[in-house]
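The following account leads the reader through a structure, from individual helices to their packing and on to the loops. Please keep the sequence and the model in view while reading.

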Amino acid sequence: MDSRGALRRLAGQAGYLGAAALILFARMIPGPESGTGRAWPGPDLLFALSFAIALRRPDFAPAWAVGGVFLMQDILTGAPFGLWTAIALLAFELVRRQDRRFLELGFLPEWLFFAGLLLLARLAERAVLFVALVPQTAFSSLMQHYFVTVAIYPAVVLSCYLLLGVAKLSPDQAVTYQNRI
Amino acid sequence: MARERPSDQDFARPLRRILLGIAVLVLLGLFVLWRIDNPRVERLRAAVVDRILPSFDWALVPAASLTRMLRDFRSYAKLYEQNQELRRELQRLKGWREAALQLEQKNAALLELNKVRVSPRLTWVTGRVLADSGSPFRKSVLLNVGRRDGVVDGWAVTDGLGLVGRLAGVGNSTSRVILLTDSSSRIPVTIQPSGQRAILAGTNGPFPALEFLEDRETISPGDRVVSSGDGRLFPPEILVGHVVRARGGGLLVRPAADFARLQFLRVLRTVPVEQPPPPEPVPAAGADPAAAGPDAPPPASEPTASAPAGGSDG
């Protein structure tokens, strides 16, 4: 790959890491919701962002970056150590392996793909937690969280495009990007 | 067609898969380790947070005060209503103040008669809330006190008025507080006029629930809920909140602590087993199991704390 492409890739990775850090940082600001919990749980912005980028430009969100960001989230939020990170890594690997032509079908299939994958990932997490006898939260709050995240996904895609300049690739470009670590 | 690939990628692909598989296995191993040997991995987590958080301190503090300012600014819109409400509340509180003063005098007189001594070692460390480390499913905050301030896992945290939660995960300069609204929080409590014991279980919502009640009939909304001190984790008699009745008929607790404004929190320095002094002389060092930790101050303060108590009693 020529140096300009490499530079663009580095910039894209920096953009992804920066956006992820911003999301993690924003949710750590202590606010009125810290203690009481709001009526609706906030969306899982990190998952939506990672999905949108992994589908469009897999080279911007390589596995090491996704793993690092998700592990950091696990550590900071007191979640079960590493489980959600492992599930996210597998899920985004599936996304990365998608045929690029998938994107040309339009936005609705992509949205459905996102909704299905997130549901699958959450159910897998819950199943593992159940087997490991980890106490869990109510299923209803998980579902609320899920629907809020699915609803916010188009906005995440739009802001990815506007702020990070992550656009769709043409299929032949995609092949060269697809297999990078 | 640009379908043919450079040949090196035929090798890169399986390699990449192996690396990913290893990463996933390591992460799952970490999860299993977390499940089996929780304290050690939680210590690792505390250490990582300890490293990261102070470097974000410069940004987190202004961001927090900015959001607080915005919220306060929004409340200007309702200034008039608030004013009226405050006036009414002031009127009510004047009545309470009078009652409290009388009770205080009465209490002082009774204490004098009784020679009751409030635990002299019930001191506290005050910390600032650095960050909200919760998620939609976890309610916890990070404080800027840690091992260097002598705090120990499990100590109670209040906001000066009511119980907020307990420490879970202590780093060198930061520590995590699991709030009593968190769904994994279980705190033994007493409901005051009836004296019933119960467990206060967090629900992730604003009002934790009362569980394991023996007799629901004797409890009415508005009853005071205080920590019972069972299990000797928390000191007894810390105000937790007041009973409210949920729409479904269950009993919840409205916390006395203001969870919407967690800014400065007190970590109660509780030394385990503070029993009334036994009549026969027992060596003070032997009575103390010294489970509080390796920190020097509690054992050092032991003789000075018990000496005045013994001296003035006799």
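Which residue follows α4(A), and what is the sign of its phi? The residue is A:Gly78, and its phi is positive, near 70°. This value, like those below, is computed from a predicted model.

The helix that precedes this glycine, α4(A), comprises residues 63-77 of chain A. With a rise of 1.5 Å a residue, its 15 residues should span 21 Å, and the end C-alpha atoms are indeed 21 Å apart, so expectation and model agree. Buried residues are those under 20% relative accessible area. By that criterion 11 of the 15 residues of α4(A) are buried, and the helix is therefore largely enclosed by the rest of the structure. The buried positions include the nonpolar side chains of A:Val66, A:Val69, A:Phe70, A:Ile75 and A:Leu76. A:Gln73, A:Asp74 and A:Thr77 are buried as well.

Chain A as a whole provides the setting for this helix. The chain has 8 helices and 0 strands, and its pattern along the sequence reads α-α-α-α-α-α-α-α. Of its 181 residues, 56% count as buried. Contacts that link distant parts of the sequence are well represented: among those between residues at least 6 apart, 77% join residues at least 24 apart.

The packing of helices within this chain can be followed through two pairs that share α6(A). Two packed helices are described by the angle between their axes and the distance between the axes. In the pair formed by α5(A), residues 83-96, and α6(A), the axes lie 10 Å apart at an angle of about 150°. Angles over 145 degrees count as roughly antiparallel, and α5(A) and α6(A) are therefore roughly antiparallel to each other. Their crossing is right-handed. On the α5(A) side the contact is made by A:Leu83, A:Trp84, A:Ile87, A:Ala91, A:Leu94 and A:Val95. The α6(A) side includes A:Phe113, A:Leu117, A:Arg122 and A:Glu125. By class, this contact has 13 nonpolar, no polar and 2 charged residues.

The second pair joins α6(A), residues 107-131, to α7(A), residues 139-164. Here the axes come within 10 Å and cross at roughly 150°. These two helices are therefore also roughly antiparallel to each other, and α6(A) passes α7(A) in a right-handed crossing. From α6(A), the contributing residues include A:Phe107, A:Trp111, A:Phe114 and A:Arg126, while those from α7(A) include A:Phe139, A:Met143, A:Tyr146, A:Tyr153 and A:Pro154. The class composition of this contact is 16 nonpolar, 3 polar and 3 charged residues. A:Leu118 and A:Arg122 of α6(A) take part in the contact with α5(A) and in the contact with α7(A).

The loop between α6 and α7 of chain A contains A:Leu133. Its phi is positive, about 60°, although the residue is not a glycine. Is A:Leu133 buried or exposed? Its relative accessible area is 66%, so A:Leu133 is exposed.

Chain B offers another residue of this kind. B:Phe212, again a residue other than glycine, has a positive phi near 55°. B:Phe212 is placed in the loop between β8 (209-211) and β9 (224-227) of chain B. With a relative accessible area of 67%, B:Phe212 is therefore exposed.

Terms used:
Residues numbered from 1 in each chain as written. Chains lettered and ligands numbered in written order. Predicted model: local features only at pLDDT ≥ 70, side-chain atom pairs only at ≥ 80, totals over all residues. Heavy atoms only, no water. Axes fitted to C-alpha atoms, helices over the stretch in contact; angles between N-to-C directions. Helix = DSSP H or I, 4+ residues; strand = E, 2+ residues; numbered from the N terminus. Parallel < 35°, antiparallel > 145°, perpendicular 65-115°, else oblique. Left-handed = near helix turned anticlockwise from the far one by under 90°. Contact = heavy atoms within 4.5 Å. Expected span 1.5 Å × (residues − 1). Buried < 20%, exposed > 50% of the residue type's maximum accessible area, 1.4 Å probe, protein only.
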